[in-house]
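User: Please take me through the fold of this protein as a series of questions. I should like each answer to show its reasoning.

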Amino acid sequence: MAEHTTNRRPGPHGPGTPRGGFQKPKNMGKTISTLLRYVGRSRWLLAVVAVCLVLNTACTIGGSYMLRPLIDECIVPGDYHRLARTLVLMACLYLGAALLSYTYARIMVRISQTATHAIRRDLFARMQRLPLRYFDTHTHGELMSRYTNDIDTLTEILQNGLVSLLSGALTFAGVVGMMLYLSPLLFLVTVFSLGLMLAVIMTVGKRSRRYFMAQQRDLGEVNGYIEEMIEGQKVIKVFNHESQAKAGFDARNDRYRRSAASAHAFAGAMMPAMGNISHINYALTCCVGALLSIAMGLDLGALLVYLQYTRQVSQPISQVSQQVNNILAAIAGAERVFEVMEAAPEVDDGEVTLVHVRRGPDGALTEAAGRSDGWAWKKPDGTLAPLRGDVRFEDVVFGYNSDKTILHGISLYAKPGQKIAFVGSTGAGKTTITNLINRFYEIGGGLITYDGIDVRDIGKESLRRSLGIVLQDTHLFTGTIADNIRYGKLDATDEEVRAAAKLANADTFISHLPDGYDTWITDDGGSLSQGERQLLAIARAAVADPPVLILDEATSSIDTRTEKLIERGMDRLMAERTVFVIAHRLSTVRNAKAIMVLEQGEIIERGDHDELIAQGGKYYQLYTGQAELS
């Protein structure tokens, strides 16, 4: 069990965000630029889309312009032959526009899915490189929301919104050009209407952007709370906290409702406003156009075409107004995704690596590929040092936060093959010490060496490969029993898997399962008891065959009878290994070479069982029941 209080965000609004406040995107330009880089990987398909959009716009605008010769040169003179040819040409133009629209829509589906596939891949890859400290400060539900809600919203805007923007820009430019060509005077009416539309978009869009960012943030809060409550459902029922859990959800759900309602209220108001302005523009254009036709000889065909363009010139702006909620939500979601991708990865500047070696007749070590006689540290100069499991702490100081020190000058050593036990109250720093060995966190002062090598000089992958850890909170993956044991050593044979299970005394219950080692488990092993899950975790560590083993309350969920049954197996597992044991059951650490009693981040007593009993101190009080572990 972790021995520190996770530094989760203070309150439901995150750090620095006042209750009821709204947060703007930090850098919209940077977010859009990053997004365009992903889309730009399909540059050739984008080029095809661009060509289709240009041709589609030309066909649409050209089809509308054909009204002028249709009226002035066919209907008014009564030329039926020319009328037929003009109608066929118009039909071809509109049919071509439809085909081109279908083509670029299909291509954009592929482009958007390719881009979001790459974003998901990069997001997951970056998460694998983030330090544990990052996951301490972000809820799982909040992170999951970035994979689901944020990326789904992003996919929608890439698939539809981006094309709408490009198509709208081309249509707007083409229609404005044609309107100027038909009647510069009549275009002044259109300029007035366009100015009103742009003012509405800028005013409403500025307000909507803040609310959509708040909506995405609050949605992540709701998802995180739901996940936490589902995981803790048993605890909730045990303590009759259903009403409190519901109240907590209602508060977060209400915040999400308010931010979503505000966001969509502004975005939803844009479309009616744009529609009314468009209707006013059409009416004014009819009146002014009629006067120009009477007073200045504007032909009827040109007036009808201009009125058609009046509808078309407002369509691009309407498209933007319709997409504005998706666009703003997508930008907010993309920013949240890219924030994770830009988070500082786990620092790993170690150059010492772990390699397979063979030992020659003269005892000399040589690097070997595949299965070998053992492991050795390979230093930057190429020299090999055998992996022995000698771990030492020298005046180590550490704190999860800079303002609170957890460990105060810890010094200890564990020679190869020794068993070192840590005893102390919750929060004393026992688990913290083991977390520093594998560099889950970096020390603030002092030195930790592994076989005489500073652990900071060892590559983290190599360092952790040399360690086996059995945690109090086990985690099993969806798959077979054998797959979960083999997770400790992916190339382990079936015989090695079975041997590890026997070592942990898990073979008995596995053999009684319907499909034995091929039994499929899901839901973190929900069909197994807590003790059986922990036995599998022990077997997973056994198959890895590490020289250093860390047991963090490894038998806490196993009953006393089962613990006795696996004691000999655990002894075999710990034989000739450096072992760090954290246990509340003092009977499990009696045979430790050294027992460290910790209190508030300091070692207050050390020695073997007999020595500590003879001292009559804290350990003696704990062992005799005069004091209890809290």
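The exchange below concerns a predicted model and takes its confidence, cores, helices and sheets in turn.

User: What average pLDDT does the chain have?

Analyst: The model is predicted, and confidence is therefore given per residue on a scale from 0 to 100. Residues 1-24 stay under 50, and the model has 56 contacts for them beyond four places in sequence. Of the residues in the chain, 88% score at least 70, and the average pLDDT is 81.

User: Which helix supplies the largest share of the largest nonpolar core?

Analyst: This core holds 43 residues, and I119, L123, L154 and F338 touch the most other members. Helices α1 (28-39), α2 (43-65), α3 (67-75), α4 (80-129), α6 (140-182) and α10 (300-341) each contribute at least two residues. The largest share is 14 residues, and the helix that supplies them is α4.

User: Which residues does L123 touch, leaving aside those up to four places away in sequence?

Analyst: L123 is among the core members with the most contacts to other members. Once residues up to four places away in sequence are set aside, L123 touches Y147, I151, V337, V340 and M341.

User: How many residues make up the second, separate core?

Analyst: Apart from the largest core, a second one is found, and L476, V497, L536 and A583 are included in it. The size of this second core is 42 residues.

User: How far apart are the end C-alpha atoms of α2?

Analyst: Helix α2 has 23 residues, and at 1.5 Å a residue they should span 33 Å. Several of its residues are buried, including V49, C52, L53 and N56. The expected span agrees with the model, because the end C-alpha atoms of α2 are 33 Å apart.

User: Is strand β13 largely enclosed or left open by the rest of the structure?

Analyst: On one side of β13, V548, I550 and D552 are buried, and on the other L549 and L551 are buried. Both faces are thus covered. Since five of the five residues in 548-552 are buried, β13 is largely enclosed.

User: Which strand pairs with β13 over five bridges?

Analyst: Strand β10 (residues 467-470) pairs with β13 in the parallel sense over four bridges, with I469 partnered by I550. On the other pairing, V548 stands opposite T578. The strand that pairs with β13 over five bridges, also in the parallel sense, is β14 (residues 578-582).

User: Which strands stand at the edges of the sheet β6-β5-β8-β9?

Analyst: This open sheet has four strands with antiparallel pairing. Strand β5 (residues 391-398) is joined to β6 by five bridges, and F393 has L412 as its bridge partner. Two strands have a single partner each, so one side of each is left without a neighbour in the sheet: β6 (407-414) and β9 (453-454).

User: At what angle to β5 does α11 run?

Analyst: Helix α11 (residues 430-437) lies across β5, β6 and β8 (445-450). Its angle to β5 is about 115 degrees.

User: What is the average twist from one strand to the next in the sheet β2-β1-β3-β4?

Analyst: This is an open sheet of four strands with antiparallel pairing. Its edge strands, β2 (365-367) and β4 (384-386), each pair on one side only. The twist from one strand to the next averages 50 degrees.

User: Which residue stands opposite W377 in β4?

Analyst: Strand β3 (residues 374-378) pairs with β4 in the antiparallel sense over three bridges. In β4, the residue opposite W377 is A385.

Notes: Residues numbered from 1 in each chain as written. Predicted model: local features only at pLDDT ≥ 70, side-chain atom pairs only at ≥ 80, totals over all residues. Heavy atoms only, no water. Core = buried A, V, L, I, M, F, W, Y, C linked by side-chain atoms within 4.5 Å. Buried < 20%, exposed > 50% of the residue type's maximum accessible area, 1.4 Å probe, protein only. Contact = heavy atoms within 4.5 Å. Expected span 1.5 Å × (residues − 1). Pairing = 2+ DSSP bridges. Axes fitted to C-alpha atoms, helices over the stretch in contact; angles between N-to-C directions. pLDDT = per-residue confidence, 0-100.
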